[in-house]
Amino acid sequence: MRIENVSIALAGTAMMTVLAVTPAGAATTPLPSPSIAGVLAVQKQAMANGAPGALTRIDSGASSYRIASGKADTAAGTAMDADRRFRVGSVSKSFTTVVLMQLVAEGRVDLDAPANDYLPKPLPDDRITVRHLLSHRSGLWDYTNDMFFHTVPGFEAVRNKVFSYQELIDLSTAHQPTSVPGTAYGYSNTNFVVLGQLIEHLTGVPMATHYEERIFQPLGLRNTSYVHPRTEISGSFSRGYVREDDTTLPLVDSTEQTVSWAQSAGAVISNSADLHRFFAAVVSGKLVPQPQLQEMMSMVPVNADGTQFYGLGLRARALSCGVKVYGHTGTVQGYYTYAFTTADGKRSMTSMANTSNNGSVNTVLAGTLEAAFCGVNPVKSSKAARSAGEAFTEDIAPDIERH
Ligand code: HEL
(Lines give C-alpha, C1' and ligand atoms only; values in the text may rest on other atoms or scores of the structure.)
Protein backbone atom coordinates (compact mmCIF):
# COMPACT_ATOMS: atom_id res chain seq x y z
CA MET A 1 0.00 0.00 0.00
CA ARG A 2 1.36 3.40 -0.99
CA ILE A 3 -0.03 6.40 0.82
CA GLU A 4 0.78 9.91 -0.24
CA ASN A 5 -0.20 12.88 1.80
CA VAL A 6 0.99 16.09 0.26
CA SER A 7 0.11 19.55 1.43
CA ILE A 8 0.78 22.47 -0.83
CA ALA A 9 0.63 25.96 0.60
CA LEU A 10 -0.59 28.56 -1.84
CA ALA A 11 0.08 32.25 -1.76
CA GLY A 12 -2.06 33.97 0.86
CA THR A 13 -4.27 31.97 3.18
CA ALA A 14 -5.18 29.02 0.96
CA MET A 15 -3.91 25.54 1.64
CA MET A 16 -4.19 22.61 -0.71
CA THR A 17 -4.02 19.05 0.49
CA VAL A 18 -3.64 15.95 -1.63
CA LEU A 19 -4.26 12.48 -0.27
CA ALA A 20 -3.66 9.49 -2.52
CA VAL A 21 -4.08 5.86 -1.48
CA THR A 22 -2.99 3.16 -3.93
CA PRO A 23 -3.03 -0.48 -2.75
CA ALA A 24 -0.01 -2.45 -3.99
CA GLY A 25 -0.78 -4.50 -7.10
CA ALA A 26 -3.95 -2.57 -7.83
CA ALA A 27 -5.37 -3.18 -11.30
CA THR A 28 -4.89 -0.33 -13.73
CA THR A 29 -7.60 0.93 -16.06
CA PRO A 30 -7.01 1.65 -19.75
CA LEU A 31 -7.64 5.35 -19.12
CA PRO A 32 -4.73 7.75 -18.70
CA SER A 33 -3.72 8.33 -15.08
CA PRO A 34 -5.53 11.26 -13.51
CA SER A 35 -3.63 14.55 -13.51
CA ILE A 36 -3.49 15.65 -9.90
CA ALA A 37 -1.55 18.73 -10.99
CA GLY A 38 -4.47 19.45 -13.33
CA VAL A 39 -7.00 19.14 -10.51
CA LEU A 40 -4.92 21.41 -8.29
CA ALA A 41 -4.56 23.96 -11.07
CA VAL A 42 -8.33 23.96 -11.63
CA GLN A 43 -9.04 24.36 -7.93
CA LYS A 44 -6.54 27.20 -7.73
CA GLN A 45 -8.22 28.91 -10.66
CA ALA A 46 -11.69 28.38 -9.19
CA MET A 47 -10.47 30.10 -6.03
CA ALA A 48 -8.86 32.91 -8.02
CA ASN A 49 -12.30 33.39 -9.60
CA GLY A 50 -14.01 33.66 -6.23
CA ALA A 51 -14.63 30.22 -4.71
CA PRO A 52 -13.67 30.04 -1.01
CA GLY A 53 -12.73 26.40 -1.48
CA ALA A 54 -12.99 23.32 -3.66
CA LEU A 55 -12.79 19.57 -3.29
CA THR A 56 -12.24 16.73 -5.73
CA ARG A 57 -12.25 12.99 -5.25
CA ILE A 58 -11.18 10.55 -7.92
CA ASP A 59 -11.69 6.80 -7.49
CA SER A 60 -9.93 4.77 -10.14
CA GLY A 61 -10.00 1.02 -9.67
CA ALA A 62 -8.55 0.54 -6.22
CA SER A 63 -6.84 3.94 -6.10
CA SER A 64 -8.37 6.92 -4.48
CA TYR A 65 -7.31 10.57 -4.71
CA ARG A 66 -8.72 13.21 -2.39
CA ILE A 67 -7.75 16.76 -3.24
CA ALA A 68 -8.93 19.88 -1.47
CA SER A 69 -8.16 23.60 -1.53
CA GLY A 70 -9.15 26.63 0.46
CA LYS A 71 -11.81 26.91 3.09
CA ALA A 72 -14.90 24.92 4.03
CA ASP A 73 -15.90 27.66 6.47
CA THR A 74 -14.57 31.14 5.90
CA ALA A 75 -15.69 32.57 9.27
CA ALA A 76 -14.13 29.77 11.30
CA GLY A 77 -11.14 29.46 8.93
CA THR A 78 -11.69 25.69 8.60
CA ALA A 79 -9.80 24.05 5.74
CA MET A 80 -11.70 22.19 3.03
CA ASP A 81 -11.26 18.44 2.79
CA ALA A 82 -12.58 16.06 0.18
CA ASP A 83 -14.77 14.03 2.55
CA ARG A 84 -17.09 16.87 3.50
CA ARG A 85 -20.81 16.75 2.79
CA PHE A 86 -22.49 19.36 0.66
CA ARG A 87 -25.73 20.13 -1.17
CA VAL A 88 -25.59 18.34 -4.52
CA GLY A 89 -28.38 20.29 -6.26
CA SER A 90 -29.59 18.64 -9.44
CA VAL A 91 -27.43 15.56 -8.93
CA SER A 92 -30.56 14.71 -6.90
CA LYS A 93 -32.35 14.23 -10.23
CA SER A 94 -30.40 11.01 -10.78
CA PHE A 95 -31.55 9.74 -7.36
CA THR A 96 -35.18 10.57 -8.19
CA THR A 97 -34.79 8.83 -11.53
CA VAL A 98 -33.58 5.64 -9.88
CA VAL A 99 -36.69 5.59 -7.68
CA LEU A 100 -38.93 6.18 -10.69
CA MET A 101 -37.17 3.55 -12.83
CA GLN A 102 -37.53 0.99 -10.04
CA LEU A 103 -41.29 1.67 -10.13
CA VAL A 104 -41.16 1.17 -13.91
CA ALA A 105 -39.36 -2.15 -13.40
CA GLU A 106 -42.02 -3.11 -10.85
CA GLY A 107 -44.69 -2.51 -13.50
CA ARG A 108 -46.25 0.39 -11.59
CA VAL A 109 -45.34 3.15 -14.06
CA ASP A 110 -45.27 3.15 -17.86
CA LEU A 111 -42.60 5.51 -19.21
CA ASP A 112 -44.70 6.36 -22.25
CA ALA A 113 -48.01 6.86 -20.47
CA PRO A 114 -49.34 10.38 -19.92
CA ALA A 115 -48.02 11.76 -16.64
CA ASN A 116 -51.60 12.77 -15.91
CA ASP A 117 -52.47 9.08 -15.43
CA TYR A 118 -50.53 9.22 -12.17
CA LEU A 119 -50.97 12.76 -10.87
CA PRO A 120 -53.43 14.11 -8.29
CA LYS A 121 -54.11 17.22 -10.39
CA PRO A 122 -53.62 17.02 -14.16
CA LEU A 123 -50.98 19.03 -15.98
CA PRO A 124 -52.44 21.34 -18.66
CA ASP A 125 -51.27 19.06 -21.50
CA ASP A 126 -52.26 15.37 -21.61
CA ARG A 127 -49.53 14.66 -24.13
CA ILE A 128 -46.77 15.05 -21.51
CA THR A 129 -45.45 11.55 -20.76
CA VAL A 130 -43.34 10.33 -17.87
CA ARG A 131 -40.42 9.97 -20.32
CA HIS A 132 -40.79 13.63 -21.35
CA LEU A 133 -40.41 14.66 -17.69
CA LEU A 134 -37.30 12.50 -17.19
CA SER A 135 -35.66 13.77 -20.38
CA HIS A 136 -36.64 17.47 -20.01
CA ARG A 137 -38.89 17.38 -23.05
CA SER A 138 -42.22 18.25 -21.43
CA GLY A 139 -42.15 21.95 -22.35
CA LEU A 140 -43.00 22.85 -18.74
CA TRP A 141 -41.63 26.26 -17.81
CA ASP A 142 -38.89 26.29 -15.16
CA TYR A 143 -40.39 28.31 -12.29
CA THR A 144 -36.89 28.97 -10.90
CA ASN A 145 -36.32 31.38 -13.81
CA ASP A 146 -38.66 33.81 -12.07
CA MET A 147 -37.86 32.80 -8.51
CA PHE A 148 -34.13 33.50 -8.79
CA PHE A 149 -34.19 36.32 -11.33
CA HIS A 150 -32.56 38.41 -8.60
CA THR A 151 -30.20 35.97 -6.99
CA VAL A 152 -29.89 36.76 -3.29
CA PRO A 153 -33.30 38.46 -2.79
CA GLY A 154 -34.85 35.48 -4.61
CA PHE A 155 -32.96 33.06 -2.43
CA GLU A 156 -33.74 34.85 0.85
CA ALA A 157 -37.44 34.87 -0.07
CA VAL A 158 -37.49 31.05 -0.21
CA ARG A 159 -34.63 30.08 2.11
CA ASN A 160 -36.98 29.06 4.93
CA LYS A 161 -40.11 28.43 2.91
CA VAL A 162 -41.85 25.06 2.66
CA PHE A 163 -43.62 24.50 -0.65
CA SER A 164 -45.99 21.74 -1.64
CA TYR A 165 -45.21 20.12 -4.99
CA GLN A 166 -48.45 21.59 -6.32
CA GLU A 167 -47.49 25.15 -5.38
CA LEU A 168 -44.29 24.81 -7.43
CA ILE A 169 -46.10 23.18 -10.35
CA ASP A 170 -48.69 25.98 -10.32
CA LEU A 171 -45.87 28.55 -10.58
CA SER A 172 -44.75 26.76 -13.73
CA THR A 173 -48.13 26.26 -15.38
CA ALA A 174 -48.98 29.93 -14.92
CA HIS A 175 -46.60 30.35 -17.89
CA GLN A 176 -47.14 29.22 -21.44
CA PRO A 177 -45.22 26.01 -22.23
CA THR A 178 -41.81 26.43 -23.84
CA SER A 179 -42.51 23.78 -26.52
CA VAL A 180 -44.96 21.08 -27.60
CA PRO A 181 -44.36 17.99 -25.43
CA GLY A 182 -41.71 15.68 -26.85
CA THR A 183 -40.40 18.08 -29.47
CA ALA A 184 -37.51 19.89 -27.78
CA TYR A 185 -35.04 19.57 -24.93
CA GLY A 186 -35.56 22.34 -22.37
CA TYR A 187 -34.06 21.75 -18.93
CA SER A 188 -36.65 22.50 -16.25
CA ASN A 189 -36.70 21.83 -12.52
CA THR A 190 -40.49 21.56 -12.85
CA ASN A 191 -40.10 18.14 -14.50
CA PHE A 192 -38.49 16.61 -11.44
CA VAL A 193 -40.89 18.29 -9.03
CA VAL A 194 -43.75 16.69 -11.00
CA LEU A 195 -41.90 13.37 -10.75
CA GLY A 196 -41.63 13.74 -6.96
CA GLN A 197 -45.35 14.42 -6.77
CA LEU A 198 -46.07 11.48 -9.09
CA ILE A 199 -43.98 9.05 -7.02
CA GLU A 200 -45.52 10.14 -3.72
CA HIS A 201 -49.08 10.12 -5.07
CA LEU A 202 -48.72 6.72 -6.71
CA THR A 203 -47.04 4.98 -3.79
CA GLY A 204 -48.34 6.94 -0.80
CA VAL A 205 -44.74 6.94 0.45
CA PRO A 206 -42.65 10.11 0.94
CA MET A 207 -39.61 10.68 -1.27
CA ALA A 208 -37.38 10.66 1.82
CA THR A 209 -38.43 7.06 2.53
CA HIS A 210 -37.98 5.98 -1.10
CA TYR A 211 -34.46 7.46 -1.23
CA GLU A 212 -33.61 5.86 2.10
CA GLU A 213 -35.00 2.39 1.43
CA ARG A 214 -34.24 2.06 -2.26
CA ILE A 215 -30.83 3.78 -2.46
CA PHE A 216 -29.14 5.08 0.71
CA GLN A 217 -29.54 1.95 2.84
CA PRO A 218 -28.89 -0.72 0.17
CA LEU A 219 -25.70 1.07 -0.94
CA GLY A 220 -24.62 2.00 2.60
CA LEU A 221 -24.50 5.72 1.79
CA ARG A 222 -23.95 6.95 5.31
CA ASN A 223 -23.07 10.49 4.24
CA THR A 224 -26.13 10.95 2.07
CA SER A 225 -29.43 12.33 3.30
CA TYR A 226 -32.65 14.00 2.28
CA VAL A 227 -33.83 16.06 5.22
CA HIS A 228 -36.29 18.35 3.41
CA PRO A 229 -37.74 20.57 4.79
CA ARG A 230 -35.17 20.63 7.57
CA THR A 231 -32.33 23.06 6.97
CA GLU A 232 -29.30 21.51 8.65
CA ILE A 233 -26.44 19.51 7.18
CA SER A 234 -25.14 17.14 9.85
CA GLY A 235 -21.65 15.73 10.33
CA SER A 236 -18.61 17.15 8.58
CA PHE A 237 -19.74 19.47 5.81
CA SER A 238 -18.70 22.42 3.73
CA ARG A 239 -20.50 25.69 4.11
CA GLY A 240 -21.77 27.27 0.87
CA TYR A 241 -21.45 30.91 -0.21
CA VAL A 242 -23.58 32.45 -2.94
CA ARG A 243 -22.32 35.51 -4.81
CA GLU A 244 -24.49 38.62 -5.05
CA ASP A 245 -25.45 39.97 -8.49
CA ASP A 246 -23.59 43.10 -7.38
CA THR A 247 -20.25 41.35 -7.28
CA THR A 248 -18.69 44.07 -5.15
CA LEU A 249 -20.77 42.84 -2.19
CA PRO A 250 -19.50 40.09 0.11
CA LEU A 251 -20.52 36.46 -0.44
CA VAL A 252 -23.67 35.35 1.42
CA ASP A 253 -23.56 32.21 3.57
CA SER A 254 -26.36 30.10 2.05
CA THR A 255 -25.64 26.83 3.87
CA GLU A 256 -28.89 26.58 5.83
CA GLN A 257 -32.02 26.44 3.71
CA THR A 258 -35.02 24.15 3.25
CA VAL A 259 -34.29 23.64 -0.48
CA SER A 260 -38.05 23.26 -0.65
CA TRP A 261 -38.00 25.18 -3.94
CA ALA A 262 -36.29 22.10 -5.42
CA GLN A 263 -37.20 19.05 -3.28
CA SER A 264 -37.08 15.99 -5.57
CA ALA A 265 -35.32 18.12 -8.19
CA GLY A 266 -32.40 19.09 -5.99
CA ALA A 267 -32.43 18.69 -2.18
CA VAL A 268 -30.11 15.70 -1.60
CA ILE A 269 -27.03 16.13 0.61
CA SER A 270 -24.07 13.84 -0.02
CA ASN A 271 -20.30 13.61 -0.22
CA SER A 272 -17.87 12.61 -2.94
CA ALA A 273 -17.33 9.00 -1.82
CA ASP A 274 -21.07 8.34 -1.63
CA LEU A 275 -21.71 9.94 -5.03
CA HIS A 276 -19.10 7.59 -6.52
CA ARG A 277 -20.71 4.58 -4.91
CA PHE A 278 -24.08 5.78 -6.21
CA PHE A 279 -23.12 6.44 -9.83
CA ALA A 280 -20.94 3.31 -10.05
CA ALA A 281 -23.96 1.32 -8.80
CA VAL A 282 -26.25 3.04 -11.31
CA VAL A 283 -24.12 2.27 -14.38
CA SER A 284 -23.39 -1.28 -13.23
CA GLY A 285 -27.09 -2.07 -13.02
CA LYS A 286 -27.10 -2.58 -9.23
CA LEU A 287 -30.01 -0.19 -8.68
CA VAL A 288 -32.15 -0.60 -11.78
CA PRO A 289 -32.49 -3.62 -14.09
CA GLN A 290 -30.78 -3.57 -17.50
CA PRO A 291 -33.79 -2.51 -19.61
CA GLN A 292 -34.39 0.55 -17.40
CA LEU A 293 -30.66 1.30 -17.23
CA GLN A 294 -30.49 1.30 -21.02
CA GLU A 295 -33.34 3.81 -21.08
CA MET A 296 -31.53 6.04 -18.59
CA MET A 297 -28.31 5.87 -20.60
CA SER A 298 -29.91 6.52 -24.02
CA MET A 299 -28.37 9.90 -24.61
CA VAL A 300 -29.42 12.78 -26.83
CA PRO A 301 -26.97 15.65 -27.56
CA VAL A 302 -27.98 18.87 -25.83
CA ASN A 303 -25.28 21.31 -26.90
CA ALA A 304 -24.14 22.61 -30.25
CA ASP A 305 -20.89 20.66 -30.60
CA GLY A 306 -22.33 17.34 -29.45
CA THR A 307 -20.14 16.92 -26.36
CA GLN A 308 -22.95 17.09 -23.79
CA PHE A 309 -25.90 14.71 -23.59
CA TYR A 310 -29.01 14.06 -21.52
CA GLY A 311 -30.62 10.65 -21.05
CA LEU A 312 -33.24 10.05 -18.36
CA GLY A 313 -32.19 11.94 -15.23
CA LEU A 314 -28.62 11.38 -16.27
CA ARG A 315 -26.10 13.49 -18.16
CA ALA A 316 -23.18 12.36 -20.30
CA ARG A 317 -20.12 14.27 -21.47
CA ALA A 318 -17.69 13.36 -24.21
CA LEU A 319 -14.23 14.43 -23.08
CA SER A 320 -11.23 15.50 -25.15
CA CYS A 321 -9.53 12.07 -24.92
CA GLY A 322 -12.55 10.27 -26.37
CA VAL A 323 -14.00 8.90 -23.13
CA LYS A 324 -17.69 9.40 -22.34
CA VAL A 325 -18.69 9.83 -18.71
CA TYR A 326 -22.10 9.62 -17.04
CA GLY A 327 -23.47 11.46 -14.04
CA HIS A 328 -24.97 14.83 -13.27
CA THR A 329 -24.09 18.40 -12.42
CA GLY A 330 -25.60 20.52 -9.68
CA THR A 331 -26.04 24.17 -8.85
CA VAL A 332 -27.65 25.11 -5.58
CA GLN A 333 -27.01 28.33 -3.69
CA GLY A 334 -23.42 28.05 -2.43
CA TYR A 335 -22.40 24.87 -4.25
CA TYR A 336 -21.36 23.81 -7.76
CA THR A 337 -21.00 20.06 -8.28
CA TYR A 338 -19.78 17.69 -11.00
CA ALA A 339 -20.25 13.96 -10.31
CA PHE A 340 -19.45 11.57 -13.16
CA THR A 341 -18.29 8.01 -13.76
CA THR A 342 -17.15 5.93 -16.71
CA ALA A 343 -19.63 3.54 -18.39
CA ASP A 344 -18.15 0.64 -16.39
CA GLY A 345 -18.15 2.63 -13.13
CA LYS A 346 -14.44 1.95 -12.64
CA ARG A 347 -13.34 5.56 -12.54
CA SER A 348 -15.42 8.23 -10.85
CA MET A 349 -14.84 11.89 -10.16
CA THR A 350 -16.68 14.38 -8.01
CA SER A 351 -15.75 18.04 -7.71
CA MET A 352 -17.43 20.72 -5.65
CA ALA A 353 -16.70 24.44 -5.30
CA ASN A 354 -18.47 26.08 -2.40
CA THR A 355 -19.85 29.08 -4.21
CA SER A 356 -22.46 29.80 -6.90
CA ASN A 357 -23.89 32.53 -9.09
CA ASN A 358 -20.39 32.70 -10.51
CA GLY A 359 -20.39 31.07 -13.95
CA SER A 360 -16.64 31.38 -14.34
CA VAL A 361 -16.08 29.16 -11.29
CA ASN A 362 -18.52 26.59 -12.65
CA THR A 363 -16.86 26.60 -16.06
CA VAL A 364 -13.38 26.30 -14.60
CA LEU A 365 -14.48 23.47 -12.28
CA ALA A 366 -15.58 21.41 -15.30
CA GLY A 367 -11.86 21.13 -16.03
CA THR A 368 -11.57 18.57 -13.24
CA LEU A 369 -13.36 16.12 -15.58
CA GLU A 370 -10.53 16.50 -18.09
CA ALA A 371 -7.92 16.15 -15.37
CA ALA A 372 -9.58 13.12 -13.78
CA PHE A 373 -10.51 11.10 -16.88
CA CYS A 374 -8.09 12.32 -19.56
CA GLY A 375 -5.04 12.97 -17.38
CA VAL A 376 -4.48 16.45 -18.71
CA ASN A 377 -4.03 19.78 -17.03
CA PRO A 378 -6.88 21.80 -18.55
CA VAL A 379 -5.36 25.01 -17.32
CA LYS A 380 -2.43 24.32 -19.69
CA SER A 381 -4.04 22.30 -22.52
CA SER A 382 -6.09 24.42 -24.89
CA LYS A 383 -8.01 21.39 -26.25
CA ALA A 384 -9.03 20.27 -22.78
CA ALA A 385 -9.78 23.85 -21.74
CA ARG A 386 -12.07 24.23 -24.76
CA SER A 387 -13.85 21.02 -23.87
CA ALA A 388 -14.22 22.13 -20.24
CA GLY A 389 -15.13 25.64 -21.29
CA GLU A 390 -18.37 24.42 -22.81
CA ALA A 391 -19.55 23.53 -19.33
CA PHE A 392 -21.95 26.33 -18.69
CA THR A 393 -23.39 26.93 -22.11
CA GLU A 394 -26.40 24.61 -21.94
CA ASP A 395 -29.50 24.21 -19.91
CA ILE A 396 -30.55 27.55 -18.57
CA ALA A 397 -33.88 28.07 -20.30
CA PRO A 398 -33.49 29.72 -23.70
CA ASP A 399 -33.95 33.49 -23.81
CA ILE A 400 -33.68 33.78 -20.05
CA GLU A 401 -31.00 35.95 -18.66
CA ARG A 402 -30.63 35.28 -14.96
CA HIS A 403 -29.12 38.01 -12.85
S1 HEL B 1 -29.68 24.82 -13.03
C2 HEL B 1 -28.40 23.87 -13.82
C3 HEL B 1 -28.12 22.76 -12.79
N4 HEL B 1 -29.34 22.48 -12.14
C5 HEL B 1 -30.44 23.42 -12.30
C6 HEL B 1 -30.65 23.35 -10.81
C7 HEL B 1 -29.51 22.40 -10.79
N8 HEL B 1 -30.39 24.48 -10.03
C9 HEL B 1 -31.12 25.58 -10.07
O10 HEL B 1 -32.12 25.68 -10.75
C11 HEL B 1 -30.60 26.68 -9.18
C12 HEL B 1 -30.99 27.99 -9.69
C13 HEL B 1 -30.48 29.14 -8.87
C14 HEL B 1 -29.01 29.12 -8.61
C15 HEL B 1 -28.46 30.50 -8.26
C16 HEL B 1 -27.02 30.35 -7.80
O17 HEL B 1 -26.15 30.29 -8.67
O18 HEL B 1 -26.82 30.25 -6.59
N19 HEL B 1 -28.50 31.34 -9.43
C20 HEL B 1 -29.27 32.41 -9.51
O21 HEL B 1 -30.03 32.75 -8.63
C22 HEL B 1 -29.12 33.20 -10.77
N23 HEL B 1 -29.86 34.41 -10.75
C24 HEL B 1 -28.90 23.37 -15.15
C25 HEL B 1 -27.16 24.71 -14.02
C26 HEL B 1 -27.52 21.50 -13.41
O27 HEL B 1 -26.30 21.54 -13.58
O28 HEL B 1 -28.24 20.56 -13.74
O29 HEL B 1 -28.81 22.02 -9.96
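**Exercise 1. Locate P229 and describe the peptide bond that leads into P229.**

Step 1. P229 lies in the loop between helix 8 (207–219) and strand 7.

Step 2. In this predicted model, the peptide bond from H228 to P229 has an omega near 5° and is cis.

Step 3. For context, most peptide bonds are trans.

**Exercise 2. Determine how confident the predictor is along the chain, and name stretches where the pLDDT is below 50.**

Step 1. Begin with the whole chain: the mean pLDDT is 91, and 87% of the residues reach 70 or more.

Step 2. Next, consider residues 22–28, where the pLDDT is below 50. Beyond near neighbours in sequence, this stretch has eight contacts in the model.

Step 3. The pLDDT is also below 50 over residues 390–403. That stretch has 34 contacts in the model beyond near neighbours in sequence.

**Exercise 3. Describe the open sheet that contains strands 8, 7 and 16.**

Step 1. The sheet has three strands in the order 8-7-16, and its pairing is mixed.

Step 2. Strand 8 (252–253) and strand 16 (355–356) are the edge strands, since each pairs on one side only.

Step 3. Strand 7 (residues 241–242) and strand 16 run parallel and are joined by two bridges. Within this pair, V242 stands opposite S356.

**Exercise 4. Identify the partners of strand 13 and decide whether strand 13 is largely enclosed or not.**

Step 1. Strand 12 (residues 315–318) pairs with strand 13 in the antiparallel sense, over four bridges. One bridge partner to note is K324 in strand 13, which is matched with A318.

Step 2. These two strands form a hairpin with five residues between them. G322, in the turn, has a positive phi of about 95°.

Step 3. On to the other partner: strand 13 and strand 14 (residues 335–342) pair over eight bridges, again in the antiparallel sense. Here V325 stands opposite T342 of strand 14.

Step 4. Strand 13 and strand 14 also form a hairpin, with two residues between them. The turn contains G334, whose positive phi is about 100°.

Step 5. Finally, count the buried residues. Seven of the nine residues of strand 13 (residues 324–332) are buried, so the strand is largely enclosed by the rest of the structure.

**Exercise 5. Find the disulfide, state its handedness, and compare the burial of C321 and C374.**

Step 1. A search of the whole structure finds one disulfide. It joins C321 to C374, with an S to S distance of 2.0 Å. A disulfide is a covalent bond between the sulfur atoms of two cysteines.

Step 2. Place each cysteine. C321 is in the loop between strand 12 and strand 13, whereas C374 is in helix 12. The two are 53 residues apart, and the pair links distant parts of the chain.

Step 3. The torsion about the S-S bond is about -70°, so the disulfide is left-handed.

Step 4. Apply the cut-offs: buried means under 20% relative accessible area, exposed over 50%, and partly exposed in between. C321 has a relative accessible area of 37% and is therefore partly exposed. C374, at 6%, is buried.

Step 5. Consider the helix around C374. Helix 12 (residues 367–374) is mostly covered, with eight of its eight residues buried. Among them are E370, F373 and C374. Helix 12 is followed by G375, which has a positive phi near 70°.

**Exercise 6. Examine the loop residues H136, V259 and N303 for burial, and for phi or polar contacts.**

Step 1. Most residues other than glycine have a negative phi. H136 nevertheless has a positive phi near 60°. H136 is in the loop between helix 3 (130–134) and helix 4 (144–147), and at 0% relative accessibility H136 counts as buried.

Step 2. V259 is not a glycine, yet its phi is positive, about 55°. V259 belongs to the loop between strand 8 and strand 9 (269–270). With a relative accessible area of 1%, V259 is buried.

Step 3. N303 lies in the loop between strand 10 (300–301) and strand 11 (308–310). Its relative accessible area is 10%, so N303 is buried. The side chain of N303 makes a polar contact with the side chain of D305, at 2.9 Å.

Methods:
Residues are numbered from 1 along each chain as its sequence is written. This is a predicted model: local features need pLDDT of at least 70, side-chain atom pairs count only at pLDDT 80 or more; totals for chains, interfaces and linings use all residues. Side-chain values use heavy atoms; hydrogens and water are left out. Buried means under 20% relative accessible area, exposed over 50%, partly exposed in between (1.4 Å probe, protein chains only). Two strands pair if DSSP finds at least two bridges between them. pLDDT is the predictor's confidence in each residue, from 0 to 100. Contact means heavy atoms within 4.5 Å. A polar contact is a pair of N or O atoms within 3.5 Å; within protein, one must be able to donate a hydrogen and the other to accept it, and residues adjacent in sequence count only if both atoms are side-chain atoms. A disulfide is a pair of cysteine sulfur atoms within 2.5 Å.
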